[in-house]
Amino acid sequence: MLIGYMRPYQEDPKCADQLQKLKNVDCTIIIAEEHASAKKRTHLMEMLTNLNRGDKIIITKLFTLADSTHHLVELLETIEIKRAYLQSLTEGIDTSHTDGYHFNDIVKHLLVFQSDVISEKTKQGMYEAKLKGVSTGRPRKPDENVKRAITMYQSKKYSLAEIKEKTGISKSTLYRYLESEIM
């Protein structure tokens, strides 16, 4: 049996893209998590419990199934114990093929997978912060402090350490502002 599994993520919050791809490969059943959270993935646990020999779980990307490399390894072991298979459409992985898979390709996919997980968690965190009205990114220095630091530097009466102590502007930040002023 071909079992499609999907869960929402930042770029596909309603699972529409995943659903279309899973329908295109004729999944017998399509299971959808109701949330993107790593916790309480009841549909995933239920699917693994009911997995039968020869079944194949089909996903669009590795990170829709697992939340970390460690979690992926645990899930692959569970699937293998059940003598079932996993196919990831984006990465082109299909554990039902007996001709093997090159180790280098696996490592490359794991690196991309880990990057996807980190990127997704970062995007989710930034999105949640934005909803709360919190600005993301490096905090900007107040303009008055920068102007004061530039004035102090140009007066040649203060050392860089004194400028930093009085304004909170580091040497590298000061030089960056001075360079942008010249250009």
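**Exercise 1. Count the salt bridges in this predicted model, then work out which residues join up in a network.**

Step 1. The count comes to five salt bridges.

Step 2. Take Asp-67 and Arg-7, whose closest N and O atoms sit 2.5 Å apart, making a salt bridge. This pair links distant parts of the chain: Asp-67 is in the loop between α3 (62-65) and α4, while Arg-7 is in the loop between β1 (2-6) and α1 (16-24), 60 residues apart.

Step 3. Now bring in Arg-41. Together, Arg-7, Arg-41 and Asp-67 are linked in a network of salt bridges.

**Exercise 2. Decide whether Asp-67 and Arg-7 are buried or exposed.**

Step 1. The cut-off to keep in mind for buried is under 20% relative accessible area.

Step 2. Asp-67 has 12% relative accessibility, so go ahead and call Asp-67 buried.

Step 3. Arg-7 has 6% relative accessibility, so Arg-7 counts as buried too.

**Exercise 3. Find which parts of the chain are tied together by the Glu-11 and Lys-123 pair, and by the Asp-94 and Lys-56 pair.**

Step 1. Glu-11 and Lys-123 meet through their side chains in a salt bridge, at 2.5 Å from N to O. Glu-11 is in the loop between β1 and α1, and Lys-123 is in helix α5 (residues 103-131), so this pair ties together parts 112 residues apart in sequence.

Step 2. Check how open this pair is. Glu-11 is exposed at 57% relative accessibility, and Lys-123 is partly exposed at 32%.

Step 3. Asp-94 and Lys-56 form a salt bridge as well, with their closest N and O atoms 3.0 Å apart. Strand β5 (residues 93-94) holds Asp-94 and strand β3 (residues 56-59) holds Lys-56, so the tie here is between parts 38 residues apart in sequence.

Step 4. Asp-94 is buried, with a relative accessible area of 12%, and Lys-56 is buried at 14%.

**Exercise 4. Test the length of helix α4, then map its faces and ends.**

Step 1. Helix α4 (residues 69-81) has 13 residues, and at 1.5 Å a residue these should span 18 Å. The end C-alpha atoms are 18 Å apart, which agrees.

Step 2. Pick out the buried residues of α4: His-71, Leu-72, Leu-75 and Ile-79. Looking down the axis of α4, you'll see its buried residues fall within an arc of 100°, so they line one face.

Step 3. Turn to the face pointing away from that buried side, and you'll meet the exposed residues His-70, Glu-80 and Ile-81.

Step 4. Finish with the ends. At the start of α4, a side-chain oxygen of Ser-68 comes within 3.0 Å of the backbone nitrogen of His-71. Just after α4, Arg-83 has a positive phi of about 60°.

How values were computed
Residues numbered from 1 in each chain as written. Predicted model: local features only at pLDDT ≥ 70, side-chain atom pairs only at ≥ 80, totals over all residues. Heavy atoms only, no water. Helix = DSSP H or I, 4+ residues; strand = E, 2+ residues; numbered from the N terminus. Expected span 1.5 Å × (residues − 1). Buried < 20%, exposed > 50% of the residue type's maximum accessible area, 1.4 Å probe, protein only. Arc of directions from axis to C-beta. Polar contact = N/O pair within 3.5 Å; in protein donor to acceptor, adjacent residues only side chain to side chain. Salt bridge = Lys/Arg side-chain N within 4 Å of Asp/Glu carboxyl O.
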